[in-house]
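Reader: I have a model to go through and would like to take it in steps. Where should we begin?

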Amino acid sequence: MKTNTFSPPRHQVRQEFLTKKLFYLRDLKKRTYGFLLFFVPLVSWWFMVSPVLAYPDFQAFIKKNSGRSVDCAFCHANSNGPEGNGPGQIGSLTPEEFDRLNFARGAFDPGRNVNSPILNAFGNRVIRELGKKKFIEIKNHPADLAKALDPKVDLDGDGIPDVQEFLDGTHPLKNTDGDPGRLFLANFLKNHTQILLLLFATLFTLYGLNNLLRGFARFFEAEDGEGGR
Ligand SMILES: [Ca+2]
């Protein structure tokens with residue numbers, strides 16, 4: 001039996017093919033836009049909050065090494081970290097401060113003149129000296145921070161280098177916060193000339209006073225002797 005099959009005209013087949021192709025392309029375009037609308041804000045958010053989440057390793061190391069707990073103010077401008085609307089936090093930054101923040105975030109190599117508004121002088125020093133790339137590498141081995149920084153730099157001038165304060169868990173920007181023994185030694189070495197002069201002056205004063213008292217004693221003994229005759 002002969003079957004009656006209908007074949008659409010060739011130009012109609014081609015038209016349907018092009019219509020389907022156009023439909024898929026539009027669908028692909030929509031999906032791409034949807035993906036970008038989701039992905040771009042997600043990545044932006046991650047970059048915004050990453051400094052908050054990124055570096056608790058150093059605080060954990062300081063506590064383990066020194067037995068002292070430190071807050072975010074060890075490296076940051078605000079003791080509660082960079083997230084928030086307080087002074088030195090991201091929510092309160094001016095456009096000029098945002099520029100400095102973004103510059104610091106992109107300072108992957110050492111030697112860049114970083115001055116991030118969310119970091120304190122020590123935090124900025126670390127990024128300037130190491131660069132962001134090495135700093136991120138080191139965070140998995142926090143003890144190496146003390147080896148990576150210049151051992152002579154002492155930002156608060158208390159005689160204890162920053163790297164030693166990092167190991168001791170004392171603040172590198174507070175000259176009254178330091179290991180008492182090291183502070184005493186540092187202050188003694190810094191002021192040893194004045195201390196020695198004061199010591200000699202005190203000894204000479206005591207020696208002179210002692211001689212003066214002896215002189216008075218002899219004088220009164222002599223007076224008594226003459227009065228007794
Ligand atoms: Ca110091």
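Author: Begin with how elements are assigned: helices and strands are DSSP runs, with at least four residues for a helix and at least two for a strand, numbered from the N terminus. The model is a predicted one.

Reader: How many helices and how many strands does the protein chain have?

Author: From the N terminus on, the order of elements reads α-α-α-α-α-α-α-α-α. The secondary structure of the protein chain therefore comes to zero strands and nine helices.

Reader: What percentage of the residues in the protein chain is buried?

Author: A residue counts as buried if 20 or more other C-beta atoms lie within 10 Å of its own. The protein chain has 229 residues, and the buried share of them is 20%.

Reader: Is helix 4 largely enclosed or not, and how many of its residues are buried?

Author: Helix 4 covers residues 121-130. Its buried residues are Phe-122, Gly-123, Asn-124, Arg-125, Val-126, Ile-127 and Leu-130. They pack against helix 3 (95-105), helix 5 (132-138), helix 6 and helix 7. Helix 4 is largely enclosed by the rest of the structure, because the buried residues among its 10 number seven.

Reader: Why does Ile-127 count as buried?

Author: Ile-127 is found in helix 4. Leaving aside residues up to four places away in sequence, Ile-127 touches Ala-104, Ala-107, Val-114, Ser-116, Leu-119, Lys-132 and Phe-135. Ile-127 counts as buried because its C-beta neighbours inside 10 Å number 22.

Reader: What separates the C-alpha atoms of Ile-127 and Arg-112?

Author: Along the chain, Ile-127 and Arg-112 are 15 residues apart. In space, their C-alpha atoms are separated by 8.2 Å.

Reader: Which residue follows helix 4, with a positive phi?

Author: Helix 4 consists of residues 121-130. The residue that follows has a phi near 85°, and it is Gly-131.

Reader: What arc do the buried residues of helix 2 cover around the axis?

Author: Helix 2 spans residues 56-66, and its buried residues are Phe-58, Phe-61 and Ile-62. These lie on the same side of helix 2, because they cover an arc of only 100°.

Reader: Which residues are exposed on the other side of helix 2?

Author: What covers the buried residues of helix 2 includes helix 6 (144-148) and helix 7 (162-168). On the other side of helix 2, the exposed residues are Ala-60 and Lys-64.

Reader: What phi does Gly-67 take?

Author: Gly-67 comes just after helix 2. Its phi is positive, at about 80°.

How values were computed: Residues numbered from 1 in each chain as written. Predicted model: local features only at pLDDT ≥ 70, side-chain atom pairs only at ≥ 80, totals over all residues. Buried ≥ 20, exposed ≤ 12 C-beta atoms within 10 Å, placed from the backbone. Arc of directions from axis to C-beta. Contact = placed C-beta atoms within 7 Å.
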